[in-house]
Amino acid sequence: MELVKFRDQLFIEGEKLGFSDIELYYEKSSNFSCQIFKGEIDGYESSTVGGVSVRGLYNGKMGYAYTEKLDEDSIKFLLENAKENAQLIEDDPEELFAGNAKYEEVNFFSPALTEVSAEDKIAFLKDVEKKVLAYDPRVDQVDFAVIQDESSEKALFNNKGLALSDQNNFLFVAVSALVKEGEEIKNGMCIKLTKDFTSLNADEIAKTAVEEALSYLGGKTYPNKKYPVILKNTAVASLLAVFAPSFSAEAVQKGQSLLKGKLGETIASDKVTLLDDPFLPEGIKSSTFDSEGVPTKKLTVVENGKLNSYFYNLKTAKKDGVESTGHGYKSSYKGTVGVTPSNFYIEPAESSYEQLYSSLEEGIIITELAGLHSGANQISGDFSLMAYGYYVKEGKIEGATNLMTIAGNFFEVLRDVEEVGSDLKFSPMGGYGYIGSPSLKIKSIAVTVD
Amino acid sequence: MLNKSLIEDVLAAALTTGGDFSEVFVEDRFNNSMILQGGRLEKSVSGRDFGVGIRVFKGLQSVYAYTNDFSRDGLLKAAKTAAQAIQGTNAQETVVLPLEKEIVHNLHPTELMPNSVEKTRKLQVLRKANEIITNYDPAIAQAIIRLVDEEQNVLIANSEGKFVEDKRVHSRLALQAVASNGSDMQTGFYGPGALQGFEFIENLDLNHYAKEAARIAVTMLNADFAPSGKFPVVIDNEFGGVIFHEACGHGLEAAAVAKNNSVFANKVGQKVASDLVTYIDDGTIQNEWGSINIDDEGEKARKNVLIENGILKGYMIDKFNGRRMGEESTGSGRRESYRFAPTSRMTNTYIAPGKSSPEEIIANTEHGIYAKYMGGGSVNPATGDYNFAINEAYLVKNGKIDKPLRGATLIGNGAKTIQLIDMVGNNLGHGAGMCGASSGSIPVNVGQPMIRVSEITVGGREA
């Protein structure tokens, strides 16, 4: 069934059933991905999928339902379920956005990217794999090599006259190299995300992955204690992704954020500025409107250590008597409207990564963190995480450490930032917004080395 | 869900470029999720997933296409897109064998289909759990109770003539307690689940599960930070098994073994673990959360002994990785939904019970860590390095459980850790979890009796 026809019929039937306000949210995405193993296509995927969800106000309460099957029966399924759900909900009322707002005119869709043929993408990936294998005799094999692109479109309509649509696309390459020396096996990864296929460089990708893997060989053990620490850009980004919910007004209002009551207060070192930019050209969360239809805007969340604003959607903004900041996102048509950042990052400063560690008499560089979904307490900020990295002596990297854990508290880390690097990088793995950071120099963190 | 002749046409269209095997996976799934937070029902969402996945093999090439356009044209188009990605030609054209419907014997009876139960009845359970948690202790700030249930209908057909349908009903209650003393917050969690309908939820012993979640949160609020260093670690039963799920289970999946990306590759018949370890993956246990009737390639569930008395016996194998290994499927091909090509995955994986009583194990530990409830973790499958959090930990001093500890993370290498198991208890229990890997997030059980590992690195905050 066609979307426009589906929408019109849904609104008519919905109003008949007693919904005062009703919204249709639509998403569709096309994906291509290919994996190479030993020069052969090992996995290949192609898809076009989408779905719709309904939000409807019934007796002042918002009901939700969604479906991936767009047929006549689904209209009944959606409305009946949304009604039953609305009747049960005891939460503060949500509202639908009337529209008539002014939206930024930015285009996040690259038509050139859709023109790149599958053959070219596969050939590029084969080249990357070949270059990884040829880079160093210690390369044992390629753990995985994948290229993927995604085009997505979303649209939002309601019976108050709102009609919005948006498109985005990106391509990503990830390769993991396995290196072996004696019995020791290490891996290193390179992930690139772009809208410009021609910007990708196979040599550079192979080099980054293999060099990282090699750099972890020959790890040593070091005393367990508190060290000055350089947190590398993507490690900070992965940490910030875990604790970003603390900045959402939803968590604050539910008493699940230690940032409650801290607006206007200093919560971080004066070196730290946190920005949310929904218009970032390469941002995968870039959009001119959020899932409620509210126009997005650039937001300074923390400015030189001072907490300026939380993230708001319509419901949480109403409760605090402020305007929505345009952060009412849902993860997909299957989700409910929550509050999440768009492209959220620590503003970069001057120092290069090398400059950051060259000032350390003794210290640890943390390149990568693991176990973030389990080793971090999102509310308290406490974390104890597996980490990879190097030992630094007199400003020079002495070599890899054995497996480590670092333990501390995220909010303390923010206060202990002594220097901010210039090497802003985003972590493509985060589901909770698109999160980035430069490398940071931290006063001290407890480190345990295996 | 789709008629047989259309499926036959789709299977044939997928083989037009020389593929030697094609498969269709149709999924029609109804999901419900309800969240009660702070005593109020904050979310209640219902939805329907519907889509079709088409897979083609040619030798060691595998192509997957999926869509939720279920029209004849849409499906044939997806099949042809998949076929076009197949490279090279086949001397002999593969034909689709006539589909013959196989009857699935249902091992996991269900009485109350989730969609037949009024949501108000479900809400009563949520309210009761909320009441138990909030009344447990004045330090409890909030309870977050989440009920998820789903009815997944699948149809699996392939060019070898397989045609089979199955219905999977999952129900899970996730209980989270938040305790606070003003400046600090700690959480406790318990999440029982089953391959069963609403009767599982209604019959749950809430007094046990909800109280445990509350007790963990309150206990951790008053806990000291864990020490760092190497310690003997006692890991209790049920969800404690997550360590071996991460540390060994993933390495025994054909996805890692077929490409030699696992420390367990080429080691069948060799000693890989302590003699005390027998490790089993069993998808047939009645109504267990990780159980199945058939896997997502249509193969019957079975009990696979992976390690027996320390000797590696076999792997968990799906069809595609089986091709690379020259081995048959072990009924281990699983996927989250039609959006994922299946791969080898776990079902209910556990360490078989041993002879020691839990009391004996603690009494024999002079100075160590007792992990009463484990949190989640992850493993780097290439190296076997794992990490996971302990949700409720204690210091063990002179053979007795001492003070509670917070913020403890265990790190190590799976292949080494299973050789260091030096005591295995007699109290086998299973715990429900979600496992994420290349074929998506699927329900699995982890399990074990209480065990002791002679040495694991504990990452804490106190030196």
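Select A:Arg55 to begin: in this predicted model its relative accessible area is 0%, so the residue counts as buried. Keep A:Arg55 on screen and add A:Glu23. The two side chains form a salt bridge, with N and O 2.9 Å apart. Colour by secondary structure and the partners fall on separate strands: A:Glu23 belongs to strand 1 (residues 19-37) of chain A and A:Arg55 to strand 2 (residues 40-58) of chain A, with the two positions 32 residues apart in sequence. A:Glu23 is buried as well, because its relative accessibility is 0%.

Now add A:Glu292. A:Arg55 also forms a salt bridge with A:Glu292, and here the closest N and O atoms are 4.0 Å apart. A:Glu292 sits in the loop between strand 8 (274-276) and strand 9 (299-303) of chain A, while A:Arg55 is in strand 2 of chain A, so this pair ties together parts 237 residues apart in sequence. The relative accessible area of A:Glu292 is 2%, which means that A:Glu292 is buried under the 20% cut-off.

Move to chain B and select B:Glu23 with B:Arg335. This pair forms a salt bridge whose closest N and O atoms are 3.2 Å apart. B:Glu23 lies in strand 1 of chain B, and B:Arg335 lies in the loop between strand 14 (333-334) and strand 15 (343-344) of chain B; the pair links parts of the chain 312 residues apart. Both ends are buried: B:Glu23 has a relative accessible area of 0%, and B:Arg335 has one of 3%.

For a network that includes residues of both chains, select A:Glu68, A:Lys334, B:Glu27, B:Arg29, B:Asp49, B:Glu150 and B:Arg339. Salt bridges with shared partners join these residues into one network. Over all chains, the structure holds 52 salt bridges.

Next, colour chain B by domain. The domain assignment gives domain 1 as 4-31 + 46-102 and domain 2 as 229-459. The C-alpha centres of these two domains of chain B are 34 Å apart. To show the contact, select 22 residues from domain 1 of chain B and 16 residues from domain 2 of chain B.

How much area do domain 1 of chain B and domain 2 of chain B bury between them? The figure is about 1,500 Å², and 56% of it is on carbon and sulfur atoms. On the domain 1 side, pick out B:Phe25, B:Arg55 and B:Leu60. These supply 33% of the area that domain 1 of chain B buries against domain 2 of chain B, more than any other three residues.

Stay with B:Arg55 and add B:Glu297. They form a salt bridge, the closest N and O atoms being 2.7 Å apart. The interface of domain 1 of chain B and domain 2 of chain B has 3 salt bridges. Between these domains, 10 residue pairs are in polar contact.

Finish by showing the strands on the side of domain 1 of chain B that touches domain 2 of chain B. Strand 1 (21-37), strand 2 (40-58) and strand 3 (61-67) of chain B are the elements that give two or more residues to this side. Strand 2 of chain B provides the largest share, 7 residues. Coloured by residue class, this side of domain 1 of chain B divides into 8 nonpolar, 7 polar and 7 charged residues.

Technical notes
Residues numbered from 1 in each chain as written. Chains lettered and ligands numbered in written order. Predicted model: local features only at pLDDT ≥ 70, side-chain atom pairs only at ≥ 80, totals over all residues. Heavy atoms only, no water. Domains from an automatic or database assignment. Contact = heavy atoms within 4.5 Å. Buried area = accessible area lost by both parts, 1.4 Å probe. Polar contact = N/O pair within 3.5 Å; in protein donor to acceptor, adjacent residues only side chain to side chain. Helix = DSSP H or I, 4+ residues; strand = E, 2+ residues; numbered from the N terminus. Nonpolar A, V, L, I, M, F, W, Y, C, P; charged D, E, K, R; others polar. Buried < 20%, exposed > 50% of the residue type's maximum accessible area, 1.4 Å probe, protein only.
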